[in-house]
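Please look over the sequence and the structure below before reading on. The report takes a few regions in turn and describes each in plain terms.

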Amino acid sequence: DLYILPRIGEIPFESVQPEDISAIYKALREKGLGASSLVLVRSVLSSLFRTYYKARKIPSNPMDFVLKHPSPKRHKPNPLSVTEVNKLLSNNTSYTPLWTTMVYTGIRTSEAIGLKWENIKFEENTIEIRQQIIHKTSEDFVFAPLKTWSSERDIKMNSTLRNTLLAHR
């Protein structure tokens, strides 16, 4: 809706040319969109045109003639130092249990916020990572499955984390 339709939404589907798609990329780059957003736009367009081509609704797939963009650069993690962690955890706020959980488990923010009390097994000293929280809209969040089945895991708690969560509960 934001990136594709305003550029080619008025063109009959079978008339979309590779130049039209290249113009979308050019406009999005000029707008300041990053490589990962361009990859997502390409993925949507590729899937759409491939489906129509296979269904013989268009004579050729215009995506076959559009140059690929470079993959997004992976950002190197920038973990907190021991001093920064100690400073973060020494601020006794309502967020301390969340920060403690993230520091001692290494789980993603969406996974930490997606934890429910039923995922914390005090008897077994483990935390089950089974779902995450995602943005549905700017003000609406929902529980969602993890990105892959292999993301589901159980993480052992140390005594500091266990005690922090018990006190918070």
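What follows describes one helix, the loop after it, a strand with the loop before it, and a pocket.

## Helix 3 and its buried face

The model shown here is predicted, and a convenient place to begin is helix 3, which covers residues 35–54. With 20 residues at 1.5 Å a residue, helix 3 should span 28 Å, and because its end C-alpha atoms are 28 Å apart, the expected span and the model agree.

The buried residues of helix 3 are Leu38, Val41, Arg42, Leu45, Ser46 and Phe49. Seen down the axis of the helix, these buried residues fall within an arc of 135°, so they line one face of helix 3. An α-helix has 3.6 residues a turn, so residues three or four places apart point the same way. Among the elements that cover the buried residues of helix 3 are helix 1 (5–8) and helix 2 (18–30), whereas Leu40 and Lys54 are exposed on the other side of helix 3.

Ser43 also belongs to helix 3, and with a relative accessible area of 42% it counts as partly exposed, because that value lies between the limits of 20% for buried and 50% for exposed. From C-alpha to C-alpha, Ser43 is 37 Å away from Ser81, a residue that stands 38 residues apart from it in sequence.

## The loop between helix 3 and helix 4

Helix 3 is followed by Arg56, which lies in the loop that runs between helix 3 and helix 4. The phi of Arg56 is near 60°, a positive value in a residue other than glycine. Most residues other than glycine have a negative phi. Arg56 has a relative accessibility of 76%, and it therefore counts as exposed.

Is Asn61, found in the loop between helix 3 and helix 4 (82–90), buried or exposed? At 7% relative accessibility Asn61 counts as buried, because the value is under 20%. The side chain of Asn61 reaches the backbone nitrogen of Met63 at 2.9 Å. When neighbours within four places in sequence are left aside, Asn61 is in contact with Phe49, Arg50 and Tyr53, and Phe49 is one of the buried residues of helix 3.

## Strand 2 and the loop before it

The loop between strand 1 (120–121) and strand 2 holds Asn125, whose phi is near 60° and so is positive in a residue other than glycine. At 26% relative accessibility, Asn125 counts as partly exposed.

Thr126 lies in strand 2, which is made of residues 126–129. With a relative accessible area of 10%, Thr126 is buried. Residues up to four places away in sequence not being counted, Thr126 touches Asn119, Ile120, Lys121, Ile155, Lys156 and Met157.

## The largest pocket

The largest pocket in the model has a volume of about 300 Å³. It is lined by 13 residues, of which Pro97, Leu98, Ala112, Leu115 and His168 are the closest to its centre.

Which helices supply at least two residues each to the lining of the largest pocket? They are helix 5 (96–105), helix 6 (109–113) and helix 7 (159–168), and helix 5 gives the most to this lining, with three residues.

Terms used: Residues numbered from 1 in each chain as written. Predicted model: local features only at pLDDT ≥ 70, side-chain atom pairs only at ≥ 80, totals over all residues. Heavy atoms only, no water. Helix = DSSP H or I, 4+ residues; strand = E, 2+ residues; numbered from the N terminus. Buried < 20%, exposed > 50% of the residue type's maximum accessible area, 1.4 Å probe, protein only. Polar contact = N/O pair within 3.5 Å; in protein donor to acceptor, adjacent residues only side chain to side chain. Contact = heavy atoms within 4.5 Å. Expected span 1.5 Å × (residues − 1). Arc of directions from axis to C-beta. 1 Å grid on protein atoms, 1.4 Å probe; cavity = no way out; pocket = protein on both sides within 12 Å on 5 of 7 lines; lining within 4 Å. Points joined across faces, edges and corners; volume = space filled by probe spheres on them.
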